[in-house]
Structure formats: C-alpha cells, structure tokens
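Q: I would like to learn how to read strands, helices and a chain interface in a model. Could we go through them one by one?

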Amino acid sequence: MALPTIQFSKASASVLQVDVLIGNLVYGYYELFLWDRGGTVQTKIGGGVNNDDLPDTIKLPNAPATYDGQTLQWRIDAAPLPNGDTTYSVRVRVRQGENDLPGGTFSWGGDLGDGKEIVGGAVLVGK
Amino acid sequence: MTTRTLVFTVALAAVSAEARGQDPAAPPAASTTAVAPPDSTTSGPTPAAIPTPATIPTATTPTTTVAPANSIASGSASTDIPMLDTSVPDAPAFTILGITPSQITRPRTPNEAGAALGTAIGMDGKLHAGAAIEFAPGLLLHAPDLNEYQHIFYRIIHNAQLSLGTSSSPISGATTTSGASSPTDLAIGFRLTIYDPTDPLLDRKLMDAYKQAFSGRPPPVFPTSGGVPADFASDLQSKISKLKSDAEKKAWNATSVQIAAAYLWTSPDSSLKSMSRKGWATWLIGSEALWGWGQAIEVFRVINNTSAGIDPGTTLVAGGRLVVGGPRWGVSAEAAYNHLYAESPGTNDGWGQATAAVEMNLTSSSWLEISFGDTFDKQGQNDRFFSLANLKWAIDSKRVLLQGN
C-alpha cells in the first residue's frame with residue numbers, strides 16, 4: 001500500500017499543524033514522528049493523551065518548505081476504559097494555518113474491542 | 001448501545017390469571033408499561049424521521065414496572081414482575097415523548113445548535129415533527145480538556161445535557177384549528193449527573209497507570225500506509241484488560257446521584273402560539289456504596305400527563321432497593337409506593353410493590369437473574385403475592401440490580 005500524500009504551500013508563511021482527536025469515552029494515546037526525505041532518520045515531534053472531545057494540536061515550527069518530502073507518522077492507541085464506550089473514533093487532520101490540506105484528513109472508527117492501534121503516515125509534498 | 005436479553009417466564013399466560021386468583025370476568029389488572037429508555041443512537045448530521053411515537057407513559061399505565069434498563073423484554077408476561085427502574089433517561093425529552101429516535105443530532109457549536117433547532121421549529125413558527133436533538137449547552141461555549149474536566153465546575157458543565165424532540169401527537173382526540181396542520185408535541189428535557197466517582201477520567205491514578213502502559217515502547221518503523229486499525233499486542237492488551245477489570249471491580253457498588261426532568265407541550269395546529277402544557281416528568285436517582293458489600297438505591301419519579309387518553313393525572317413512584325453482593329453476584333430486596341393522582345378522583349389509586357432478586361455472573365457478557373415479586377393493594381387486582389406466577393428468570397448481557405452498571 002502506497003503512502004498517501006499531503007499537499008501544502010511552500011510559499012505560505014502559515015505553519016503546518018497536526019490535529020489529533022481521539023473521541024468517545026476511551027483512553028487515547030498518540031505519538032507523532034517525522035522521517036527525513038530518505039526515510040532513515042526518525043524524530044518524535046509530539047505526543048500525549050487525548051481523552052476529551054478536543055483535538056490536540058502539534059505545530060511543525062519551521063518554515064513549511066523545510067518539510068517538503070518528509071514523512072509525517074502517527075501512532076495512535078485507543079484503549080477501553082472501565083465503564084467506557086465500546087466504540088472509538090480517531091481523526092488526524094493536517095492543516096496549514098486554519099486551512100485543511102488536500103489529502104490531510106484521516107479518520108478511523110468502529111468497535112474498540114480490547115483496544116486498537118493505528119500506525120500510519122503520509123508524505124508532505126510542497127507545491 | 002443496545003444489549004439484548006433473553007427472558008423466560010415461569011408462568012404461562014393461561015396459568016397466570018388463575019394463579020393470581022383473578023376473576024376472568026373482572027377487568028384486567030392495570031397493566032404496566034415497559035418503557036425501554038431511548039438508546040444512544042447513531043449521531044447524524046441531520047435528524048431523520050422518527051418512528052411512530054410509542055405510547056406516552058400515561059397516568060393509567062404508570063411506568064412502575066420497567067424492563068431492565070439494558071434489556072429488551074420479550075413476552076408480555078415478563079413484565080408482570082415489578083422492578084424499579086433505577087435508570088435516569090439519557091434524553092428525558094425523548095422519554096416523555098415516548099419516542100426512540102433512529103438518529104439524534106448532537107450539535108457541538110452554537111451554529112450547529114441553531115441549525116438543529118431550525119429542524120424542530122421552522123421560520124414560520126411551526127413545529128416540525130421528527131426532530132431529535134441532544135447537546136451539552138456548556139460545551140457549545142467551552143469544551144474542557146482533561147485537566148479542566150477533573151474540576152467539578154467544568155465537569156458539571158460538561159455533563160449537563162439538554163434534549164429536545166418533536167413528534168406527531170399521538171392523541172387521537174386532538175383536533176386541528178385550520179384543518180391544514182396536524183397536532184405536534186414538543187418536549188425539552190434536562191439531565192445532570194451530579195456525582196459519579198466511577199467516571200474513569202476522574203481517577204488520576206488510573207489515568208497514570210494507563211499512560212504508563214503505553215510509555216517506553218520502541219518507536220514504530222517507517223510507515224507503509226495511512227494506517228489500518230489493529231488489535232493491541234497481547235502484552236499491551238493484557239495490561240489494559242487488567243487495569244480495566246480491576247477498576248470495574250473496585251467500583252461495582254459506587255455512589256452516584258443523577259437528576260433529570262422534562263416538559264411536554266402539544267400544539268393542535270403545530271404552531272408555537274397554540275402550544276399548551278401536556279405533561280412533565282422528573283427523575284431523581286441516588287445510590288450509595290455500602291462499604292465493600294452492597295449498594296442502596298433510591299428512586300423518585302413523577303410523571304404528569306394531562307392528555308392521557310383515559311384518566312389523565314400524575315403518577316408518583318418512590319422506592320428503594322438494597323443490594324448485597326460483590327462484583328460477580330448480587331441479592332436484592334426492593335419496595336416502592338406508587339400513587340396515581342387522577343384528574344377523575346374516582347380513579348385515584350395507591351399501591352405498593354415488592355420484589356426480591358438474585359443475579360449471578362455466568363460469563364463475561366451474561367448474567368442470570370431470578371426475580372420474585374408483585375404489586376399489592378392495587379385497584380382491580382387481587383392480591384396473590386406468593387404465587388409461582390410471580391417468579392421470573394432471565395439472562396441479560398449486563399447486570400441489572402446495581403445503579404451505574
């Protein structure tokens with residue numbers, strides 16, 4: 001399966017941002033990484049717990065053009081809570097400023113079972 | 001979430017009447033109405049058509065006897081065992097309307113709330129049947145993060161829920177003023193969990209333990225796709241399962257307090273200006289942990305319906321249940337007083353009910369329940385408390401004796 005691509009503007013001054021939302025009454029844990037263009041160096045850029053109905057936002061602080069060709073990776077865990085929900089919903093949304101980027105929204109959901117982990121990523125492509 | 005129950009009644013219908021000592025010529029004992037609380041249903045961007053309204057709980061059919069909150073009773077005889085409904089409806093507006101919406105709109109912003117309200121009340125001031133809206137007003141203005149949620153002020157804001165629903169009026173006697181519009185009912189409900197220590201998000205130690213389970217893992221290898229949900233690795237799965245089950249066992253008999261209320265109007269021509277009161281209802285449910293061995297539950301419920309078909313009036317239910325047991329079993333005894341304050345004084349009635357029950361955990365998702373009980377001193381019903389007809393057993397996917405499970 002090929003990696004999806006997320007298109008952004010290299011010329012824009014607005015920084016790239018990643019929203020992570022792990023919904024429903026589940027325990028949500030996430031980590032975000034960046035891989036260099038060659039896919040050899042991995043850097044953790046954020047992570048935490050998202051149990052509420054608000055997305056956590058991680059900014060990519062450098063000029064957008066510096067991320068061209070890099071791969072954004074996420075590892076998201078949704079775990080069942082005592083007396084919690086039996087379904088989960090997860091959304092990753094990559095924005096530039098306030099604008100959603102083409103190809104930049106990913107969402108998953110369904111039965112939680114004993115817990116679900118989503119490991120995925122997308123290539124950031126500057127135009 | 002819907003859970004299913006298999007209900008098997010010991011008494012056959014044919015046997016039941018005789019065993020209860022009823023005169024076949026006498027009017028049937030006032031039946032009780034099984035009201036399944038509206039399930040949480042799929043959220044949808046727009047409300048869909050609501051199924052034909054079910055019978056509104058009326059004064060003559062008090063909801064004293066209710067199928068267990070997480071059950072679907074099958075067979076009419078099964079509702080002969082009066083058990084207190086210890087649940088507060090998720091959406092009181094839908095409950096008093098007697099509807100179970102197939103889709104509920106849950107706005108998250110003021111704009112979405114405005115749009116949702118527009119589906120219930122048109123610009124022409126007319127009510128539109130089929131709206132089902134549920135939201136937390138406080139969240140429209142500010143959604144608390146986890147740290148804020150652990151503060152009681154934000155938690156109350158987060159947990160206060162409003163519900164609003166409309167449906168075509170099922171009252172057959174209703175007339176239209178213009179002949180062009182049909183009668184429509186509008187209900188607004190309110191629900192608040194005042195105290196619930198079983199909320200896992202409030203348990204800082206538990207949250208830390210969960211976080212610990214995910215910490216310190218090696219980073220993932222280079223991705224090959226956008227991501228496909230996969231089950232946890234077995235070691236992580238067992239850690240989480242243990243945390244979850246330990247917490248559930250610890251909180252099996254937790255203390256909690258919940259209140260709810262609803263108000264119901266009807267409009268013969270669906271216009272706001274023609275609305276008149278049709279009924280109201282209020283629920284107050286409390287439960288207290290009795291150390292490690294039990295739980296006491298108190299129920300107070302009043303339902304008023306001035307437009308009930310036969311004998312409009314108000315029904316009151318006040319009762320309690322004592323449960324002794326543990327995480328995997330329970331024995332309960334309960335009693336309640338019911339009163340019908342009918343608008344026709346001749347049909348006023350007051351009666352009691354008492355039930356004893358046992359429940360045992362069979363597997364992770366099945367519970368055996370055996371209950372025995374009946375009503376007494378009820379008009380039109382001969383008392384025959386100690387009868388085999390008053391015995392029932394059932395298999396349920398969740399335990400039903402405790403509050404908050």
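**Reading strands, a helix and an interface**

A: Let us begin with one pair of residues in this predicted model: A:Asp19 has A:Arg93, in strand 7 of chain A, as its bridge partner. That pair belongs to a longer ladder, since strand 2 (residues 16-23) and strand 7 (residues 87-96) of chain A run antiparallel and are joined by eight bridges.

Q: What is the order of the strands in the open sheet of four strands in chain A?

A: The general idea is that strands of a sheet pair through backbone hydrogen bonds, either parallel or antiparallel. In this open sheet of chain A the order is 5-2-7-8, and the pairing is antiparallel. Strand 5 (56-60) and strand 8 of chain A stand at the edges with a single partner strand each, so one side of each has no neighbour in the sheet. On average, and with direction ignored, neighbouring strands of this sheet are turned by 15° against each other.

Q: How many bridges join strand 7 and strand 8 of chain B?

A: Strand 7 (residues 276-290) and strand 8 (residues 294-305) of chain B run antiparallel and are joined by twelve bridges, and within this pairing B:Ile285 has B:Val299 as its bridge partner. The hairpin of these strands has three residues between them, and there B:Trp291 takes a positive phi near 45°. Strand 8 of chain B is also joined, again by twelve bridges and in the antiparallel sense, to strand 9 (residues 313-326) of chain B, where B:Val324 is the bridge partner of B:Gly294.

Q: Why can we say that the buried residues of helix 8 of chain B line one face of the helix?

A: One first finds the buried residues, which in helix 8 of chain B are B:Ile240, B:Leu243, B:Lys244 and B:Ala247. Seen down the helix axis, these buried residues fall within an arc of 90°, so they line one face of helix 8 of chain B. The face turned away from the buried side carries the exposed residues B:Ser234, B:Asp235, B:Lys242 and B:Lys249. The buried residues pack against strand 6 of chain A together with helix 7 (204-214) of chain B.

Q: How many residues of chain A are in contact with chain B?

A: Here 40 residues of chain A are in contact with 32 residues of chain B. The side of chain A that touches chain B divides into 19 nonpolar, 13 polar and eight charged residues. Strands pair across the chains as well, with strand 9 of chain A and strand 5 (residues 230-231) of chain B antiparallel over two bridges, and A:Lys116 has B:Asp231 as its bridge partner.

Key: Residues numbered from 1 in each chain as written. Chains lettered and ligands numbered in written order. Predicted model: local features only at pLDDT ≥ 70, side-chain atom pairs only at ≥ 80, totals over all residues. Contact = placed C-beta atoms within 7 Å. Nonpolar A, V, L, I, M, F, W, Y, C, P; charged D, E, K, R; others polar. Pairing = 2+ DSSP bridges. Buried ≥ 20, exposed ≤ 12 C-beta atoms within 10 Å, placed from the backbone. Arc of directions from axis to C-beta. Axes fitted to C-alpha atoms, helices over the stretch in contact; angles between N-to-C directions.
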